[in-house]
Amino acid sequence: VKNMGEPNLRLNPKIESRIKSILIKKAIEFLLSVFMFLSLESKTKRGTKPYDYRIILTLCILRIFLRKTYSDYEIEMRTNILISNLLGLKNLPSKSTIHRGMKVLNMQLIFKINFALIKEHLKRKLNIMLDSSGIRTDKRSTWFCLRINKKISKRDCDKLHLAVCSDLLLILNWRITAWRKHDSPFFKILLMPFKLLGIVLADKGYLSRANFQLCMDKEGCAFIPFKKGKKKGSTNSPKSCPAWKFAFNLWKKCNEFYMNIYHQRSKVESVFSVIKKRFGDKVNCKSASMRRKEIALRLIAYNLKILICYNYSIENNLSLWVRVKKK
C-alpha cells in the first residue's frame, strides 16, 4: 500500500545547484516579460515621481521567491547591485513602498499573473491532480507547543486547494479557503478554466457524480476511488450521469488497473512538500486578505522556480524531477 502523505519526487539536485548563480537574473527576466502585458498607470503632474508599479510587483514576488522578510529586504535586497541593474534603477524602493504594493495587489491580478506565467504549458490536453492541505496561520512554534504539551488545532490554518499538472508539477489553479470548507465543490471551480482535460486524479473527498460527468464533458476521465461497504458504499446507479457508471464498472472489474492510475496522485504531495519546505508551513500576516495574498504569491514563486529549472533541464538534457531515496 502506498503512503499518499509522503512525497515520491523531488527537484533534480543537479539542476538546483547549477542554477543558483543565475536564479535572480532568470527570475527577474521571467517576471518582467510577464508584466509587459500590464498597462502603464497615468503619471501624476505634482509630487515625487512614483515607481513603475510593475517594478513594485516584481519586487513583491522576488522578496517571497528569495524567502526574505520585509526587514531582510531592506538590509539585503535593497542594496543588491545586481537587482538594481536588472531593474534599471539606481535606488530600489523602501520596504514600506513594497508593503503598500502588497496592499494594492488583489487575487484577480495574481491569478492573471500566474496564467501569463504558465500559458505556454496550457496549450495541450492536461492531466491534472487535485488535493488540499493546510497552511498554519498561528504564530506559535510547533516545537514549543510540543514541549509544553499544547495542542495545535486544525482551526488555526487556511486550506489550500490546488490543481497541479502531473508531468511538470506546475500549479495550474488554486483557491484558499477557511479550514472547514469541503473539497468536493472545488473540483468544478479548479477545473473551470480548462476546456479540454486528460486524466484527472483526486481522492475520495472529491467523489461525486457531477465531478465524474464534468470530466467526461471536457473529454477527460476522472480517477477517484469509490467507497466500499454494504450500507454506505458506492453503487453503479448513474442518476443521469453516465460517466459515474462507466468509472464505477472500471473500478469494480479492473480495480488494479484503476488504482495504479489513481496512485499517481501521490506526486501532488511533492508539490506541497516543496512549498512548505521552501517557504514555510505557516503565514504570519495579521489580516486574512494579506495572509492569503502571501500564500498566493508563494505559489507564483514556486511556479517561477519550476519554470527556470524546466528551461535549464531542456537545455542540458536533464530530468526535472527525480525519485526520492527512501531510508
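Biologist: What makes you say that both faces of S3 are covered?

Modeller: Go through the strand one side at a time. In this predicted model, Cys157, Lys159, His161, Ala163 and Cys165 on one side are all buried, and so are Asp158, Leu160, Leu162 and Val164 on the other. Buried means under 20% relative accessible area. Nine of the nine residues of S3, residues 157-165, pass that test, so the strand is largely enclosed by the rest of the structure.

Biologist: Why is Lys159 called buried?

Modeller: Its relative accessible area is 17%, and the cut-off is under 20%, so Lys159 counts as buried.

Biologist: Okay, and what does Lys159 form a salt bridge with?

Modeller: With Asp183; the closest N and O atoms are 3.1 Å apart. A salt bridge needs a Lys or Arg side-chain nitrogen within 4 Å of a carboxyl oxygen of Asp or Glu, so this pair qualifies. Lys159 sits in S3 and Asp183 in the loop between S4 and helix H9, 24 residues apart. Asp183 is buried too, at 13%.

Biologist: How do you know that S3 pairs with S4?

Modeller: Two strands pair if there are at least two bridges between them. S3 and S4 (residues 171-178) have seven, in the antiparallel sense. They also form a hairpin with five residues between them, and Leu169 in that turn has a positive phi of about 60 degrees.

Biologist: Which strand is joined to S3 by nine bridges?

Modeller: That's S2, residues 126-136, and S2 and S3 run antiparallel. Val164 is a handy landmark here: Met129 is its bridge partner in S2, and Val164 stands opposite Ile171 in S4.

Biologist: What makes the pairing in the sheet mixed?

Modeller: Compare the partners of S2. S2 runs antiparallel to S3, but S2 and S5 (residues 197-201) pair in the parallel sense over three bridges. There, Met129 stands opposite Leu201. Both senses turn up, and the pairing of the five-strand sheet is mixed.

Biologist: Why are S4 and S6 said to stand at the edges?

Modeller: Read off the order, S4-S3-S2-S5-S6, in an open sheet. S4 and S6 each have a single partner strand, so one side of each is left without a neighbour in the sheet. The twist averages 20 degrees from one strand to the next.

Biologist: Which helix lies across S2, S3 and S4?

Modeller: Helix H13, residues 267-279, running at about 40 degrees to S2.

Biologist: Now the helices: why are H2 and H14 called roughly perpendicular?

Modeller: Two packed helices are described by the angle between their axes and the distance between the axes. For H2 (residues 23-35) and H14 (residues 288-315), the axes come within 10 Å and cross at roughly 110 degrees. The range for roughly perpendicular is 65 to 115 degrees, so these two helices fit the label.

Biologist: Which residues make the contact?

Modeller: From H2 you get Leu23, Lys26, Ala27, Phe30 and Leu31, and from H14 you get Leu304, Lys305, Leu307, Ile308 and Asn311. Sorted by kind, seven are nonpolar, one is polar and two are charged. Lys305 has another role to note: together with Arg10 and Glu16, this lysine is linked in a network of salt bridges.

Biologist: How do you know that Arg136 and Asp281 meet in a salt bridge?

Modeller: The N to O distance is 3.9 Å, and the limit is within 4 Å, so the pair counts. Arg136 is in S2 and Asp281 in the loop between H13 and H14, 145 residues apart, so you can call it a link between distant parts of the chain.

Biologist: Is Asp281 buried or exposed, or in between?

Modeller: In between. At 35%, Asp281 is partly exposed, while Arg136 at 12% is buried.

Biologist: And what are the values for the salt bridge of Lys68 and Glu76?

Modeller: The distance is 2.6 Å, N to O. Lys68 has a relative accessible area of 23% and is partly exposed. Glu76 is partly exposed as well, at 36%.

Biologist: How many salt bridges, helices and strands are there?

Modeller: A search of the whole structure finds 14 salt bridges. The chain has 14 helices and seven strands, and 49% of its 327 residues count as buried.

Notes: Residues are numbered from 1 along each chain as its sequence is written. This is a predicted model: local features need pLDDT of at least 70, side-chain atom pairs count only at pLDDT 80 or more; totals for chains, interfaces and linings use all residues. Side-chain values use heavy atoms; hydrogens and water are left out. Buried means under 20% relative accessible area, exposed over 50%, partly exposed in between (1.4 Å probe, protein chains only). Helices (H or I, at least four residues) and strands (E, at least two) are DSSP runs, numbered from the N terminus. Axes are lines fitted to C-alpha atoms, for helices over the stretch in contact, and angles run from 0 to 180 degrees between N-to-C directions. Angles under 35 degrees count as roughly parallel, over 145 as roughly antiparallel, 65 to 115 as roughly perpendicular and the rest as oblique. Contact means heavy atoms within 4.5 Å. Ala, Val, Leu, Ile, Met, Phe, Trp, Tyr, Cys and Pro count as nonpolar, Asp, Glu, Lys and Arg as charged, and the others, Gly among them, as polar.
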